[in-house]
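Here are my notes from going through this one, point by point. Have the structure open while you read.

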Amino acid sequence: MNEIILSTSNICRDFKIGDGSVVSALKNINVEIEKGKLTILRGRSGSGKTTLINILGALDRPTKGSVDFGGRDITKLSDKKRDNIRRMEMAFVFQSVALMSGLTAFENVEFGLRLAKYPYEKRKARVTEVMTDVGLDKRMHHRPTEMSGGEQQRTAIARAIAHEPMIVFADEPTAELDTNTALHIVSLFKRLVAERGMTIIMTTHDPSMIDIADKVYTLEDGEIVEED
Ligand SMILES: Nc1ncnc2c1ncn2[C@@H]1O[C@H](COP(=O)(O)OP(=O)(O)O)[C@@H](O)[C@H]1O
Ligand SMILES: [Mg+2]
């Protein structure tokens with residue numbers, strides 16, 4: 001039953017910096033992301049979380065090693081193929097919510113569906129469904145400025161998941177929220193995993209989040225030091 005949909009094999013990521021020296025941001029990382037689970041990448045600032053989640057989500061390529069997504073080594077694909085995989089099969093949620101301020105929550109989510117080429121005739125129903133999933137059915141016609149930070153992040157999550165991606169990547173999605181709101185967002189992720197069978201990977205430096213995860217990888221200085 002445990003289906004691995006995304007995995008890395010000994011990935012390393014070096015960054016060359018201005019003075020000619022090299023930073024090894026990731027060193028021989030092996031992770032296996034299970035379908036239908038919530039996986040957390042945890043670690044202090046600078047431990048390599050963003051570098052790793054960007055490589056998993058095909059936003060960046062490793063210096064060495066391979067990344068298998070659904071049976072393909074995505075590090076070997078062209079930029080165009082990677083763009084396509086990202087747009088159609090993946091979703092991203094970031095720390096700062098980037099909603100369009102002139103559009104309502106409903107319109108923001110609908111716009112995301114247009115970008116993902118979701119069938120036109122199904123869009124309105126799908127927006128309503130996904131806004132209900134994130135608990136915002138009563139706020140659908142509000143603009144971002146008329147919503148709290150937590151509601152804005154939930155709208156961003158609705159926009160990210162509306163096109164029914166295989167996998168959702170969330171890089172510190174709770175870092176700008178107060179603890180209580182942050183816990184609500186993580187519970188929402190947990191519910192989407194349990195009830196909708198979604199696969200979610202999120203990063204956090206906050207230890208209070210980790211109990212809720214199905215799997216936790218702890219990063220330290222570019223290495224995985226703990227797995228549970
Ligand atoms: N584009 C870059 N150029 C040079 N160094 C980088 C770059 N991106 C990240 N790093 C370095 O890699 C390490 C890991 O960074 P990052 O993945 O952003 O950590 P985290 O997300 O856990 O805070 C840090 O030492 C950081 O300075
Ligand atoms: Mg980071």
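1. Start with the ligand site, bearing in mind that this is a predicted model. Ligand 1 is surrounded by Phe15, Ile17, Val23, Ala25, Gly43, Ser45, Gly46, Ser47, Gly48, Lys49, Thr50 and Thr51. Two elements give two or more residues each to that shell, namely β2 (22-29) and α1 (49-56). With 3 residues, α1 gives the most. By character, the shell around ligand 1 splits into 7 polar, 4 nonpolar and 1 charged.

2. Is α1 mostly covered or mostly open? Have a look before reading on. Covered, as it turns out: 6 of the 8 residues of α1 are buried. Those are Lys49, Thr51, Leu52, Ile53, Ile55 and Leu56; Lys49 and Thr51 also appear in the list around ligand 1. Just past the end of α1, Ala58 has a positive phi of about 60°.

3. Now the sheet. There are 6 strands in it, running β7-β8-β9-β4-β10-β11, and the sheet is open with mixed pairing. β7 (90-93) and β11 (223-227) are the edge strands, each pairing on one side only. From one strand to the next, the twist averages 20°. α1 packs on this sheet, where it touches β4, β8, β9 and β10 (215-220), and its direction makes about 160° with that of β9.

4. I'd spend a moment on β9. All 5 of the 5 residues in this strand (200-204) are buried, so the rest of the structure largely encloses it. For reference, a residue counts as buried when 20 or more other C-beta atoms lie within 10 Å of its own. Side chains in a regular strand alternate between the two faces of the sheet. In β9, Ile200, Met202 and Thr204 point one way while Ile201 and Thr203 point the other, and all are buried.

5. Which strands pair with β9 in the parallel sense? One is β4 (residues 38-42), over 5 bridges, with Leu41 having Thr203 of β9 as its bridge partner. Another is β8 (residues 167-171), over 4 bridges; here Val168 has Ile200 as its partner in β9. Further out, β7 and β8 also pair in the parallel sense, over 4 bridges, and Ala91 has Val168 as its bridge partner in β8. Val168 therefore turns up in both pairings, with Ile200 and with Ala91.

6. The link from β8 to β9 is worth tracing by eye. Together with helix α6 (residues 179-196), these two strands make a right-handed β-α-β unit. α6 packs on the sheet, touching β4 and β9, and its direction makes about 160° with that of β9.

7. Last, a couple of backbone angles to check. Most residues other than glycine have a negative phi. Asn28 goes against that, with a positive phi near 50°, and it lies in strand β2. Asn28 has 15 C-beta neighbours inside 10 Å, so it counts as partly exposed. Glu172, also not a glycine, has a positive phi of about 45°. Glu172 lies in the loop between β8 and α6, and counts as partly exposed because it has 19 C-beta neighbours inside 10 Å.

Key. Residues are numbered from 1 along each chain as its sequence is written. Chains are lettered from A and ligands numbered from 1 in the order in which they are written. This is a predicted model: local features need pLDDT of at least 70, side-chain atom pairs count only at pLDDT 80 or more; totals for chains, interfaces and linings use all residues. A residue is near a molecule or strand if its C-beta atom, placed from the backbone, lies within 6 Å of it. Ala, Val, Leu, Ile, Met, Phe, Trp, Tyr, Cys and Pro count as nonpolar, Asp, Glu, Lys and Arg as charged, and the others, Gly among them, as polar. A residue is buried if 20 or more other C-beta atoms lie within 10 Å of its own, exposed if 12 or fewer, and partly exposed in between; C-beta atoms are placed from the backbone. Two strands pair if DSSP finds at least two bridges between them. A crossover is right-handed if, with the strands pointing away from the viewer, the path from the first strand over the helix to the second runs clockwise. Axes are lines fitted to C-alpha atoms, for helices over the stretch in contact, and angles run from 0 to 180 degrees between N-to-C directions. Two residues are in contact if their C-beta atoms, placed from the backbone, lie within 7 Å.
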